[in-house]
Amino acid sequence: MSKAVIIDGIAYNEYQSELQLPEIIRLIENDLSEPYSVYTYRYFIHNWPNLCFLALDGDEHVGVVICKLDRHKDRLRGYIAMLAVAKTHRKKSIGSNLVKMAIHAMKEMNADEVVLETEYTNSGALRLYERLGFIRDKRLYRYYLNGVDAFRLKLFCKTMVKTRLI
């Protein structure tokens with residue numbers, strides 16, 4: 001996606017360059033409870049730059065989603081690693097739009113499923129993902145460094161058809 005998509009005055013773009021990294025880090029550090037090193041950001045962004053999307057309000061970065069896509073057992077699994085929206089821009093569908101763009105890109109790359117984890121107390125995130133079709137796959141006890149449990153959520157991108165040999 002080379003051209004920005006404009007929705008309700010917010011521009012959505014694919015990641016373009018390392019110059020965007022400080023803004024990505026700022027957004028995520030203000031939003032998520034887990035600390036990440038710059039190497040974690042670079043691992044995702046440099047390996048899957050086409051699965052990192054940014055939301056801009058004018059020149060201000062107001063949202064980001066960072067994902068990857070790789071093999072997991074017999075499936076091609078997408079993974080939403082990080083999603084953050086500036087507090088000043090919440091309740092404007094920015095998070096939903098970023099996740100939809102990421103899911104669309106992963107489906108275009110033939111993903112079988114998309115997974116993520118979120119704190120089990122994060123009702124806003126749970127509502128967002130469940131509205132988009134994710135289901136709660138399992139509870140992960142004391143998953144985060146702060147001791148909080150997580151839910152693993154999963155979205156199936158393809159209908160799994162099992163055939164039976166006669």
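This text walks through a predicted model, from its helices to its core, its strands, its largest pocket and two loops.

Start with helix α1, residues 21-31. Its buried residues are Leu21, Ile24, Ile25, Leu27 and Ile28. Viewed along the axis of α1, these fall within an arc of 165°, so they line one face of the helix. The general rule behind such a pattern is simple. An α-helix has 3.6 residues a turn, so residues three or four places apart point the same way. On α1, the face turned away from the buried side carries the exposed residues Pro22, Glu29 and Asn30. The cover over the buried residues of α1 includes α2, β3, β4 and β5.

Helix α2 spans residues 38-47. Buried here are Tyr41, Phe44 and Ile45. They cover an arc of only 90° around the axis, which puts them on the same side of α2. What covers them includes α1, β3, β4 and β5. The two helices also meet in these lists: α2 is part of the cover of α1, and α1 is part of the cover of α2.

Helix α4 runs from residue 123 to residue 131. Ala125, Leu126, Leu128 and Tyr129 are its buried residues. Down the axis of α4 they fall within an arc of 160°, so they too line one face of the helix. They pack against β5, α3, β6, β7 and β8. Of these elements, β5 covers residues 75-85, α3 covers 94-108 and β6 covers 113-119. β7 takes in 135-140, and β8 takes in 150-156. After α4 comes Gly133, with a positive phi near 105°.

Now turn to the core. The largest nonpolar core has 54 residues. Those with the most contacts inside it are Ile24, Tyr41, Val64, Ile66, Ile80, Tyr129 and Phe134. Three of these names have come up already: Ile24 is among the buried residues of α1, Tyr41 among those of α2 and Tyr129 among those of α4.

Val64 shows how contacts build up in this core. Leaving out residues up to four places away in sequence, Val64 touches Ile24, Leu27 and Ile28; these are buried residues of α1. Val64 also touches Cys52, Phe53 and Leu54, together with Met82, Leu83, Ala84 and Leu98.

Follow one of those partners, Leu54. Leu54 sits in strand β3, residues 52-57. Its relative accessibility is 0%, so Leu54 counts as buried. Beyond neighbours within four places in sequence, its contacts include Ile24, Val64 and Leu98. Leu54 also contacts Ala11, Tyr12, Asn13, Tyr15, Gln20, His61 and Gly63. The C-alpha atoms of Leu54 and Lys158 are 26 Å apart, with their positions 104 residues apart along the chain.

Strand β6 offers another buried position, Val114. Its relative accessibility is 0%, so Val114 counts as buried. Val114 and Lys154 are 40 residues apart in sequence, yet 5.7 Å apart in space, C-alpha to C-alpha. Val114 touches Lys154, with Leu153, Leu155 and Cys157 also among its contacts. Its other contacts are Gly78, Ile80, Met106 and Phe134, again not counting residues up to four places away.

Arg71 lies in strand β4, residues 60-72. At 58% relative accessibility, Arg71 counts as exposed. Its C-alpha lies 22 Å from that of Thr118, 47 residues away along the chain.

Next comes open space. The largest pocket has a volume of about 980 Å³. Its lining holds 36 residues, and Asp31, Leu83, Asn122, Gly124 and Ala125 lie nearest its centre. The elements that give two or more residues to this lining are α2, β5, α3, β6 and α4. β5 gives the most, with 7 residues. By class, the lining has 17 nonpolar, 10 polar and 9 charged residues.

Two loop residues finish the tour. Asp8 has a phi near 50°, a positive value in a residue other than glycine. Asp8 is found in the loop between β1 and β2. Its relative accessible area is 74%, so Asp8 is exposed. Ser93 also has a positive phi, near 70°, and is likewise not a glycine. Ser93 lies in the loop between β5 and α3. At 44% relative accessibility, Ser93 counts as partly exposed.

Terms used
Residues numbered from 1 in each chain as written. Predicted model: local features only at pLDDT ≥ 70, side-chain atom pairs only at ≥ 80, totals over all residues. Heavy atoms only, no water. Buried < 20%, exposed > 50% of the residue type's maximum accessible area, 1.4 Å probe, protein only. Helix = DSSP H or I, 4+ residues; strand = E, 2+ residues; numbered from the N terminus. Arc of directions from axis to C-beta. Contact = heavy atoms within 4.5 Å. 1 Å grid on protein atoms, 1.4 Å probe; cavity = no way out; pocket = protein on both sides within 12 Å on 5 of 7 lines; lining within 4 Å. Points joined across faces, edges and corners; volume = space filled by probe spheres on them. Nonpolar A, V, L, I, M, F, W, Y, C, P; charged D, E, K, R; others polar. Core = buried A, V, L, I, M, F, W, Y, C linked by side-chain atoms within 4.5 Å.
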